[in-house]
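Reader: I am new to this structure. Please take one part of it and walk me through it closely. How do the pieces there fit against each other?

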Amino acid sequence: MPNPDPSTEAALGTVIGPDGLARPAWAATDELLRDYYDREWGMPVRDEHGLYERISLEAFQAGLSWATILRKRHAFRSAFHHFDPDVVADYTDTDVERLLADTGIVRNRAKILAAIKNARATIALREQGGLVEFVWSHQPEVTPEPRHFGEIPTSSPESVALSKALRAQGFSFVGPTTMFALMEAIGIIDTHLLDSHRRGSSGVWPRP
């Protein structure tokens, strides 16, 4: 989940937009983030290709703002062959150098190498039911019910377990906090604020 400025009062709860809809502060003003929040964030991702992309982008986001990654997403998709794990898994040192020279993406060698490593691990997981089943098997029995931003956790027992399980399968840059953000983004948990217009919209968790 993108991090709002916790020093502002608005960051604690929802903000009513000009359209009359309630959103968290981080999605209330920037058009790109607002569209992402309204259309994508928290909606289920249940295909290998899409899930591998989300894991990759969450890893690149580590230490940066999600807005930065979102603005570079088109460039990321172009640079990484639309995050096709079968293609990325075959990347060579030449591809790594190509990516390091690409100003459109985050040029971090460790994160680039992780994306390649994770593509190979994604392929290997097909023998165990696949990445989607593996990740979604960590869905908890209940989801948070935050009234304001301060009540949203940054990790959970399930994200810790998922992180550990993915690392055991050869994935990297999949720490508990990163995996909690992934779980939020793909609908495994619902951390929309209770009075947000998106609360319960994923179809995974009931509406309030």
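Author: Start with Leu51. In this predicted model, Leu51 touches Val45, Leu131, Val132, Val135, Leu182 and Ile186, leaving out residues up to four places away in sequence. Leu51 also belongs to the largest nonpolar core, which has 52 residues. Five of its members have the most contacts inside it: Leu51, Phe76, Phe80, Leu131 and Ile186. Two of those, Leu131 and Ile186, are touched by Leu51.

Now widen the view to the helices. Leu51 is one of the H2 residues that meet H10. Helix H2 covers residues 48–61. Its axis and that of H10 come within 10 Å and cross at roughly 135°. At that angle, H2 counts as oblique to H10. The crossing is right-handed. From H2, the contact uses Leu51, Arg54, Ile55, Glu58 and Ala59. From H10, it uses Thr178, Ala181, Leu182 and Ala185. Sorted by class, this contact of H2 with H10 has six nonpolar, one polar and two charged residues.

H10 also meets another helix. Helix H9 spans residues 157–168, and H10 spans residues 176–185. The axes of H9 and H10 come within 8 Å and cross at roughly 110°. H9 is therefore roughly perpendicular to H10, as angles from 65 to 115 degrees are counted that way. This crossing, too, is right-handed. H9 brings Glu158, Ser159, Val160, Leu162, Ser163 and Leu166 to the contact. H10 answers with Pro176, Met179, Phe180 and Met183. By class, the contact of H9 with H10 has seven nonpolar, two polar and one charged residues.

Next, turn to H7. This helix covers residues 109–124. Thr122 lies in H7. Its relative accessibility is 0%, so Thr122 counts as buried, the cut-off being under 20%. Beyond its neighbours within four places in sequence, Thr122 is in contact with Glu48, Tyr52, Pro85, Leu131 and Phe171. Leu131 links back to the start: Leu51 touches Leu131 as well.

Ala124 also sits in H7. Its relative accessible area is 43%, so Ala124 is partly exposed. Ala124 and Ile188 are 64 residues apart in sequence. In space, they are 23 Å apart, C-alpha to C-alpha.

To retrace the path: Leu51 touches Leu182, and both residues take part in the contact of H2 with H10. H10 then meets H9 through residues including Phe180. Thr122 of H7 has Leu131 among its contacts, and Leu131 is listed with Leu51 among the core residues with the most contacts.

How values were computed. Residues numbered from 1 in each chain as written. Predicted model: local features only at pLDDT ≥ 70, side-chain atom pairs only at ≥ 80, totals over all residues. Heavy atoms only, no water. Core = buried A, V, L, I, M, F, W, Y, C linked by side-chain atoms within 4.5 Å. Buried < 20%, exposed > 50% of the residue type's maximum accessible area, 1.4 Å probe, protein only. Contact = heavy atoms within 4.5 Å. Axes fitted to C-alpha atoms, helices over the stretch in contact; angles between N-to-C directions. Helix = DSSP H or I, 4+ residues; strand = E, 2+ residues; numbered from the N terminus. Parallel < 35°, antiparallel > 145°, perpendicular 65-115°, else oblique. Left-handed = near helix turned anticlockwise from the far one by under 90°. Nonpolar A, V, L, I, M, F, W, Y, C, P; charged D, E, K, R; others polar.
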